[in-house]
Amino acid sequence: MATGTVQAYHVNFYFSIRYSFCIVALLLTFGCSKRKHSSDATIRIRWAHDPETLDPLSLHNQAALDAYNLLNISLLQADASTQTLAPALAEALPSVQFLNDSITAIGYRIRSVAAWDSGQPVLASDVDFTLKLMLCPGLPNEVAQSQYHFIRALQVAANDPRRFSFLCRGRSIEYAHTTGDFFILPEAELDPHGSLRHFDLADFQYRRAEIATDSGIQTVVRHYLAAITSQATRQLPGCGAYQLVKWEKDRYITFHRKSHWWADQVRPTPFVLQARPQQLTYAIIPDAATATLALQRGEIDLYPRVPAHEFSRLRASSTAAKTLRFYTSDSHDVATAGFNTRHPILADAQTRRALSQCFDAAGLLRATQLGQGQPTVGLISPNDHLNYNDSIAPLPFVPKSAAALLRQAGWRPSRMGEVMGWTRTPVRGPRQELRLALRYRAGDELFATVALQFQAAAASIDVPVQLLPTESGAFSQALQTGDFDVYLRTLGGNPFMFNFIPILHTAGIGAGNASGYSTPASDQLIEAIAAADSKIRRAQLLRRFQAMMQDQSPMAPLFFLPNRVAASRNLTGIHVNSLKPGYSVMTLAWDSAPQVP
């Protein structure tokens, strides 16, 4: 798989009622009645959100990434059985050669049997095409640009069209992982005339304005955008094990295994190239209680990321124990609050630090996760003893101290209309009022609870907070356009790479950097982490980074979430683990014919 709360508050009752009714029509639509047949049956999995898009250059959420991992694969994939990266499209892990002090060559060879749906082989020329597409003007590739800017060129072996090397700037220890962690796209389908071959990769990096006017490149861009806009992406050749059969937006999406997939020829079959389910249907059920009901009724077979209270209730049910199994593990998912640093009221670190102290992370952890999970000082898991900064403490929950910090930031208690609040008047610019609009995904019980707790704590020091639960697609758009003061969302990491450029660097603004935060010092530190040439050096930089982020507070990491999965007792090969999505979909299989309860 390619890898990027306190008190019992009332939580979005509207969503529970709405989706309890909607689920009946949803399950009838894709045939999720109680299971009565066996081993070749569809495996049905719950998603909380629609993928929104299957554009491989811009996969907005975990559902999109999970879906595209079925359609296509990358050079390296996450192996859930070992929690390492393993060769997938590549026949082996890459070689690493230091050409000089400034250039590292990362060498791969694509498996000889790897082929597109069209039957054409997957070649190094497809990798070269994909790199250029990730830099092509006019495409939604800002995140890819920020992640893979270190690749300076690609060299193809003269006598082997499947063997190639990435020439990378610097000697980062992460290059051997990062270079294998993107989806390869088919040149013949997207650029049949080879228009991008007329340019070097450096042209896309340094002559973007000039090449944007090239007619051939414009044709490729139009063809690509038409494909993703019309959802014709499903018709593009992939090299993954599955084909998209049907997609009813916000309802369900179904994939069917290809009858002849090239990886079936690989013996013995590596874990990352297994594809056991014949058909997979993802039911999009935003409401957790409705999803729990569907699982109990046998209308879905696997429920990942089960909220704590639903999980606890199911485990305590003697009826559920007869038909379900329950699994837990740690995860690399961290619940975070982020501040829009582009808004004048949140442009200074002192104000952001003050507001961060209005989040009761410890109380929220008890209330929403029943004490499971881990408090954190930053975006590095506390389980990562080498890199986690244990010399600093998580931000405390002290609203009175927050009020004192607001005074230090220049805010003064003032009347705002009919209520008391905080205002300040900068040397240049109009009077500012401290009012906050907080966005989170509608139907997300965790963040609905966080939002209510923060709103109450902020109100205790006269900071008004407007809560804006937002539908999933609109939420992604709001983050991208900066239409919020504070957001709540989960950020997912992994133990292989520590590249914060997409989410906290100047290069990520307008793409993954929703907070808009950047400073010369933080940019330099983030770049140094990505370029670190040893684990010890990287650990030193990561510890500095966590301290800097706590001081600057562009976001407030709350806690790392546990991974909880509930599934049919007859479902095997789940391999619950700490990597997203928290289980292995490609190895799922029926142990025997499930019995109707």
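**Exercise 1.** How many of the residues of helix α2 (residues 62-71) are buried?

*Solution.* Keep in mind that this is a predicted model.
- Step 1: A residue is called buried when its relative accessible area is under 20%.
- Step 2: Go along the helix with that cut-off. Gln62, Ala63, Ala64, Leu65 and Asp66 are among the buried residues of α2, and so are Ala67, Tyr68, Asn69, Leu70 and Leu71.
- Step 3: That gives 10 of 10 residues buried, and helix α2 is described as mostly covered.

**Exercise 2.** Find the strands that the buried residues of α2 pack against, then look at where the helix starts.

*Solution.*
- Step 1: Two of the partners are β1 (43-47) and β2 (76-79).
- Step 2: Further along the chain, the buried residues of α2 also pack against β8 (242-248), β9 (252-257) and β10 (279-284).
- Step 3: At the start of α2, Asn61 has a side-chain oxygen within 3.2 Å of the backbone nitrogen of Ala63.

**Exercise 3.** Now step back and describe the whole protein.

*Solution.*
- Step 1: Count the elements: there are 20 helices and 24 strands.
- Step 2: The radius of gyration is 25 Å, close to the 25 Å that the globule rule gives for 597 residues, so the protein is as compact as a globular protein of that length.
- Step 3: The C-alpha trace spans about 75 × 65 × 45 Å along the principal axes.
- Step 4: Of the 597 residues, 58% are buried.
- Step 5: The accessible surface is about 24300 Å², and carbon and sulfur atoms hold 52% of that area.
- Step 6: Finally, look at charge: 55 side chains are positive and 48 are negative, with the centres of the two sets 5 Å apart.

Conventions
Residues numbered from 1 in each chain as written. Predicted model: local features only at pLDDT ≥ 70, side-chain atom pairs only at ≥ 80, totals over all residues. Heavy atoms only, no water. Helix = DSSP H or I, 4+ residues; strand = E, 2+ residues; numbered from the N terminus. Rg over C-alpha atoms; globule rule 2.2 N^0.38 Å. Buried < 20%, exposed > 50% of the residue type's maximum accessible area, 1.4 Å probe, protein only. Areas by Shrake-Rupley, 256 points an atom, 1.4 Å probe, with all protein chains shown as cover. Lys, Arg positive; Asp, Glu negative; His and termini not counted. Charge placed at Lys NZ, Arg CZ, Asp CG, Glu CD. Contact = heavy atoms within 4.5 Å. Polar contact = N/O pair within 3.5 Å; in protein donor to acceptor, adjacent residues only side chain to side chain.
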